[in-house]
Amino acid sequence: MVYAILLLVITVPLLTHSAVAVPISPTTLALYQFIENLPANSLVVESFDYATSVVPELHPQAIVVTQQLFLRPVKILFVALDNNGPTLADAVLDTVNKGNKTYGVDYANLGYIPNTATLIGMPANIAQFLPLDTRGNPTASLPIIKEFPAIKVASLVITFDDDSSAAYSYLQYWEGRYKIPVAIGATATIAPGMMPLFNSGQLVGVLFSVRAAAEYETLLSQHYHCCLGMSGASSAMVALSASH
Amino acid sequence: MSSEKKKMTREDLALQIIIFGLGFFYAIVYYIAVPGVVDLQSISDQLLAYITAVLTAAFGIGVINLTRVHWLNIKRKRATWKYSIILLFFLYTMLIVSVIASPFALDPGAAVIPASVIQFSTPIWQFLYYKIMVNINSSIFSLLAFFIASAAYRAFRARSLESTILLVAGLLVILGQAPIADLIWPGFSIIRDWIMAFPNTAGQRGILIGAALGIIVFSVRRLIRYPW
């Protein structure tokens with residue numbers, strides 16, 4: 001019976017296209033404003049650290065944050081601590097409006113960071129540890145890498161993380177040593193565990209599940225169906241609460 | 001602590017010296033910048049590159065092991081041997097197609113592999129990845145919503161003071177997370193943000209600090225091989 005009610009309250013709002021207004025959380029607003037205030041020509045690293053199982057939860061976040069970055073005059077490097085990451089990053093790149101940004105000059109997908117050793121080495125030298133990008137180009141030949149040969153000059157790293165291990169890795173190896181600000185796009189299950197790090201200032205933003213994607217969509221005034229998805233999830237939560 | 005002290009063999013001792021030496025070497029290089037004749041950072045970077053090579057080889061060993069186990073399943077007609085055929089078929093199909101046409105393609109510039117083969121393989125890879133793998137994994141993970149709903153229904157019962165606090169806090173966070181609840185009363189979001197920022201942070205901080213102390217103790221014990 002519980003399952004049947006859940007199925008009903010999730011599918012009806014989706015089929016009737018009932019989008020709801022989403023109030024903006026302080027954790028989402030913090031990341032949005034941090035990106036808006038980045039100086040021109042800053043280097044931002046986006047790390048795709050989620051498996052295909054959480055695509056419905058984290059992929060919308062990745063799309064809206066990437067869209068904001070492409071609207072700003074910043075340079076973007078895509079990496080991944082999950083082996084699905086490079087493919088999912090390409091899928092995001094196919095979705096967003098890239099404006100007049102050029103691959104290799106303004107952004108590049110450097111692919112999979114296979115282990116902690118590479119993660120520790122990249123702040124000193126990107127090309128030594130990731131010699132090829134996902135398109136087979138020598139990393140050292142890309143104009144963006146010539147401009148930023150080491151990660152230590154990055155102004156922000158955002159990890160879309162499904163188990164918090166990537167966030168802790170970036171905090172330990174990049175934030176701790178090189179003071180690179182870190183933000184996380186988290187699943188609902190790990191996001192509460194990130195709050196102490198947000199309140200202490202170690203994380204500059206925390207995105208809570210698909211709701212944060214809907215909030216971001218509202219902030220950007222662009223539509224990627226996140227608010228629509230949120231209406232189904234929203235009514236499920238209310239139904240669950242009402243059942244008590 | 002065990003009262004029995006196992007005697008260290010020569011191999012154990014050599015291994016222990018390597019673990020101890022490298023462990024402390026990385027700790028020193030990580031925390032202390034040593035300007036001088038020897039560039040410790042570049043030695044550290046070079047060693048890290050070797051680790052990358054060793055760990056990458058482990059992926060190959062994984063594929064060999066998986067093939068061995070399932071090939072023997074099929075050969076000896078063990079229970080579920082039919083599933084082993086499916087597993088091996090898709091393992092090698094995905095492997096071959098990915099090597100030709102994915103972001104991990106070995107020859108994306110078509111220098112060796114003919115362009116026609118890459119063109120033929122690309123839609124197959126896209127179908128297997130985006131239409132099969134993403135959707136199957138997402139569906140399985142989404143089943144959690146139903147299990148959580150069912151578990152929450154059973155667990156959130158006001159039987160005692162503690163469980164009542166859990167029930168009330170859980171419901172307030174759930175309602176605060178649902179934007180539709182703000183149409184009923186805007187205070188739900190404010191309460192959720194307060195719970196996440198204060199009680200949740202306090203509890204999580206205790207867990208984090210406890211775990212961090214545990215990791216430090218375990219690491220030091222491992223480095224000095226205590227108890228041996």
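This passage describes the strands of chain A, its nonpolar core, a helix of chain B, selected loop residues and the contact between the two chains. The model is predicted, and local features need pLDDT of at least 70, side-chain atom pairs count only at pLDDT 80 or more, and totals for chains, interfaces and linings use all residues. Residues are numbered from 1 along each chain as its sequence is written, while chains are lettered from A and ligands numbered from 1 in the order in which they are written.

Helices (H or I, at least four residues) and strands (E, at least two) are DSSP runs, numbered from the N terminus. A residue is termed buried if 20 or more other C-beta atoms lie within 10 Å of its own, exposed if 12 or fewer, and partly exposed in between, with C-beta atoms placed from the backbone. By this criterion, strand E1 of chain A (residues 43-49) is mostly covered, with seven of its seven residues buried. Leu43(A), Val45(A), Ser47(A) and Asp49(A) point one way from E1(A), whereas Val44(A), Glu46(A) and Phe48(A) point the other way.

Strands are said to pair if DSSP finds at least two bridges between them. E1(A) runs parallel to strand E2 of chain A (residues 75-80), and five bridges join the two. Within this pairing, Ser47(A) has Val79(A) as its bridge partner in E2(A). The chain passes from E1(A) to E2(A) through helix H3 of chain A (residues 55-71) in a right-handed β-α-β crossover. A crossover is right-handed if, with the strands pointing away from the viewer, the path from the first strand over the helix to the second runs clockwise. E1(A) also pairs in the parallel sense with strand E4 of chain A (residues 156-161), over six bridges. Here Phe48(A) has Phe160(A) as its bridge partner.

From E4(A), five bridges lead to E5(A), and these two strands run parallel. Phe160(A) stands opposite Gly185(A) in E5(A), and E4(A), H8(A) and E5(A) make a right-handed β-α-β unit. Five of the five residues of E5(A) are buried: Val182(A), Ile184(A) and Ala186(A) point one way, and Ala183(A) and Gly185(A) the other way. E5(A) pairs in turn with strand E6 of chain A (residues 203-208), in the parallel sense and over five bridges. Ala183(A) stands opposite Gly205(A) in E6(A). The connection from E5(A) to E6(A) runs through helix H9 of chain A (residues 191-199), and this β-α-β crossover is right-handed.

In soluble globular proteins, nonpolar side chains tend to be buried together. A nonpolar core is a set of buried Ala, Val, Leu, Ile, Met, Phe, Trp, Tyr and Cys residues joined through C-beta atoms within 7 Å. The largest such core has 96 residues, and those with the most contacts inside it include Leu77(A), Val157(A), Val182(A) and Ile184(A). H3(A) supplies the largest share of this core, seven residues. Two residues are in contact if their C-beta atoms, placed from the backbone, lie within 7 Å. Not counting residues up to four places away in sequence, Ile184(A) touches several residues, among them Thr159(A), Met194(A) and Leu203(A).

In chain B, helix H2 lies largely in the open, because the number buried among its 36 residues is three. The buried residues are Ser44(B), Leu48(B) and His70(B), and what covers them includes helix H5 (116-121) of chain A together with helix H1 (10-31) and helix H3 (81-101) of chain B.

Most residues other than glycine have a negative phi, and most peptide bonds are trans. Lys77(B), in the loop between H2 and H3 of chain B, has a positive phi near 50 degrees. Lys77(B) counts as exposed, because it has 8 C-beta neighbours inside 10 Å. Lys179(A) has a positive phi near 60 degrees and is found in the loop between helix H8 (165-178) and strand E5 (182-186) of chain A. With 8 C-beta neighbours inside 10 Å, Lys179(A) is likewise exposed.

The contact between the chains takes 45 residues from chain A and 43 residues from chain B. On the side of chain B that touches chain A, H4(B) provides the largest share, 13 residues. That side divides into 25 nonpolar, 14 polar and four charged residues. For this division, Ala, Val, Leu, Ile, Met, Phe, Trp, Tyr, Cys and Pro count as nonpolar, Asp, Glu, Lys and Arg as charged, and the others, Gly among them, as polar.
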